[in-house]
Amino acid sequence: MADLKRYNDGLVKLDLWIRRLLTMGAPDLIDTALCDGACDIVRAETGVLTAINRQAGLLTFTAASGAWNQMMKGVTVPLRNGNICAALAACGTPLRVDRLSLFCRESCELFQVVEMNTALLVPVFDEGRVAACIAAFRMDKPFDQVDEQLLQQYAHSASAVLRNFRLMEDLRHHAAMLEEEVEERSRAEERIRQMAYYDSLTGLPNRRLFNDRLRQSLALAQRHKRPLAVMFLDLDRFKLINDTLGHAVGDRLLMAVAKRLRNCCRREGDTVARQGGDEFIINLSAISDVKDAFTVAQKIIDVFRTPFVIDGHELFITTSIGISVYPHDGRSGDALVKNADVAMYRAKEQGRNNCQLFAPEMNARAFERLSLENDMRRALERDEFVLHYQPKVNVEHGQIACMEALVRWQHPTMGLVPPSRFIPLAEETGLIVPLGEWVLQTACRQNRAWQDAGYPTMQVAVNLSPRQLRQGDLAETVARVLAETGLAPGWLVIEVTESILMDDAEETIRTFRRLDRMGVRISIDDFGTGYSSLHYLKKFPVHTLKIDRSFVREIASNPDDEAIAGAVISMAKGLNLGVVAEGVETVEQMEVLRALNCRYMQGFLFSEPAPAEQFTPVLGHAATPYLNFGKWC
């Protein structure tokens, strides 16, 4: 009866421990609890869970109850014949040992160390093989049949719990892996979507996403019979920043521009996108009339007045904006974008830093511009460019001191194209660089030809484009051209506009000093219309100032213009610089300038620009009566 009661009490404990094991969450907890349960069920002092790896020949003490857990946990020993666990693994049935000290004198197990004398070991099966054993130890009292039955049932139930636990662990692991895979795929899809629909530099929507949103906006605008606007923006002279400060600074500037544009267009439904390069495009999806678009455009122009600070550089940049409005300027997205682009080019033609609304006649101008650009790209190859020359006259001696070379385009169908039509386009497209070198080469060769023909020596002046100066190899190009044409450097004058002095001044000074050391003369054209200061005039190796025609036009009737011209002449003399007055068209203008001690003049009074051959008959003659100069051409 006592054994039956002990057996029933043991079953109650067994049920409680199995329930407890089922609620365990971590492997360490369940293994240790399994050992504690074995001790409680059979009233043992110590319980040990041992993993048996017969293939590797190893025993690993997985866990133990009580204070022995930290000492035995994780210890691995060889699986030898004579070991208790080896015997258990071999027979696959429970094993009771009444005196551990007599079991095996050479046993390397730790059971003898824990001062226990009796043991009960039961196998734990996994797929029909002994994978582990649960062992209970006592100080003195041997284990009996009841203990063996209870521990065997406990091991059987625990084996099922362990299998279930490990299955759940595997499921959780696979679920975690699957979740991670799903998340990674989601992240990859998001990256692909980001690459497909967003600009990688600025984070703005790209052209593809913009077109999708514009189609949606057009559908809503058509349904609700309301207008919408498309704005096309281009940064003015952005290439100058890339060329002078590098693409890294240019990229950071584009990112800063994108941020300001987003702040200007925060209404729901508005989209700011990067079209490419330094071009941006905006969809204003809900406007009441065209004034709303102009308000946003002016806001953008205003926020650009604040300089951008990039890597310590304070950068001032403006933008030209074109606007098209649905439905007046197009009913499709493509038409609205194209017409906004056309209007943007009109804004650039109007001096940049402004906005223009599309008008139908702009399309004709845009087509003409595109046609002109295509023709100009082939004009150099076809020798369609020609040089005209305009003399600078020494009015005291009646002699030509210098010939200014002015490029003209002899178009096969349009005739002689004035520089005002193609020079800005050449600047914008970069064609000004090869064209400028052709002008330099041709002018130097012509001057050398005049000298070889025995005509009086004179200088030839060539206008320099800001873009040519930014190439960085201007001095080398000039030296090469002089060597190829055989013209001495002192007979060449490089003319630059006053504004060039302000663009990357230090680099410009270095270039000009190299030219000065070569003997090339440097002249500042249109002086008085830019923003240069006496500080720059002092630093630059300049030889001549040309008084702008705007101060000459009314010099005979406007005391202010006369005072300005007189001040420039006096300042030049004080700085030991030469002075040329340009745009002289009347005898009265010339007489006032002569009274101000201006010796060199240029203008229609003396000659209009003309081809070189038209000057050949008079180059060897002294034309003392200045009125005769006008008869040369």
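How many residues does helix α10 have, and how far does it reach from its first C-alpha to its last? Hello everyone, let's start right there. Helix α10, residues 333-349, has 17 residues and reaches 25 Å, close to the 24 Å expected at 1.5 Å a residue. Please keep in mind throughout that this is a predicted model.

Let's stay with α10 for a moment. Its buried residues are Gly333, Leu336, Val337, Asn339, Ala340, Val342, Ala343, Met344, Ala347 and Lys348. You may have noticed a lysine in that list. Lys348 counts as buried because its relative accessibility is 11%, under the 20% cut-off. So what does Lys348 form a salt bridge with? The partner is Asp236, and the closest N and O atoms are 2.8 Å apart. Asp236 lies in the loop between β7 (228-235) and α7 (238-245), while Lys348 is in helix α10, so this pair ties together parts that are 112 residues apart in sequence. Asp236 is buried too, at 3% relative accessibility.

Now let's look at both sides of α10. Ahead of the helix, in the loop between β12 (319-326) and α10, we find Pro327. The peptide bond from Tyr326 to Pro327 is cis, with omega near 5 degrees. Just after α10, Gly351 takes a positive phi of about 110 degrees. Then comes Arg352, in the loop between α10 and β13 (355-357). Phi of Arg352 is near 65 degrees, a positive value in a residue other than glycine. For background, most residues other than glycine have a negative phi, and most peptide bonds are trans. Arg352 counts as partly exposed, since its relative accessible area is 26%.

There is another residue of this kind further along. Asp383 sits in the loop between α11 (361-379) and β14 (385-394), and its phi is near 55 degrees, again positive in a residue other than glycine. Is Asp383 buried or exposed? With a relative accessible area of 62%, Asp383 is exposed.

That loop leads us into β14, so let's follow the strand. β14 is mostly covered, with nine of its 10 residues buried. Which strands does β14 pair with? One is β15, residues 399-411, which pairs with β14 in the antiparallel sense over 10 bridges. Together β14 and β15 form a hairpin with four residues between them, and Gly398 in the turn has a positive phi of about 70 degrees. β14 is also joined by two bridges to β23, residues 610-611, and these strands run antiparallel. Tyr389 is a handy residue to click on here: its bridge partner in β15 is Ala405, and its bridge partner in β23 is Ala610. Strand β22, residues 600-602, is joined to β14 by two bridges as well, also running antiparallel. There, Asn394 stands opposite Tyr600.

Next, please scroll back to an earlier part of the chain. Here we have an open sheet of six strands in the order β3-β2-β1-β6-β5-β4, with antiparallel pairing. Its edge strands are β3 (76-78) and β4 (95-97), each of which pairs on one side only. From one strand to the next, the twist averages 25 degrees. Inside this sheet, β1 (residues 46-53) and β2 (residues 58-64) pair in the antiparallel sense over six bridges, with Asn53 standing opposite Leu58 in β2.

Let's finish with helices α5 and α6. In α5, residues 145-197, we find Leu171. Leu167, Met168 and Leu171 form a nonpolar patch on the surface, with about 270 Å² of accessible area together. Leu171 itself counts as partly exposed, at 47% relative accessibility. Helix α5 also holds a salt bridge between the side chains of Arg187 and Glu183, at 3.9 Å from N to O. Because they are four residues apart in the helix, these two are separated by about one helical turn.

Helix α6, residues 207-224, has a salt-bridged pair too: Arg215 and Asp212 lie three residues apart, about one turn of the helix. Their closest N and O atoms are 2.3 Å apart. Arg215 counts as exposed at 51% relative accessibility, whereas Asp212 is partly exposed at 22%.

How many salt bridges does the count come to? The count is 30, and you have now met three examples by name: Asp236 with Lys348, Arg187 with Glu183, and Arg215 with Asp212. Thanks for listening!

Notes:
Residues numbered from 1 in each chain as written. Predicted model: local features only at pLDDT ≥ 70, side-chain atom pairs only at ≥ 80, totals over all residues. Heavy atoms only, no water. Patch = residues over 30% accessible without salt bridge, like charges linked within 9 Å, V, L, I, M, F, W, Y side chains within 5 Å. Areas by Shrake-Rupley, 256 points an atom, 1.4 Å probe, with all protein chains shown as cover. Salt bridge = Lys/Arg side-chain N within 4 Å of Asp/Glu carboxyl O. Buried < 20%, exposed > 50% of the residue type's maximum accessible area, 1.4 Å probe, protein only. Expected span 1.5 Å × (residues − 1). Pairing = 2+ DSSP bridges. Axes fitted to C-alpha atoms, helices over the stretch in contact; angles between N-to-C directions.
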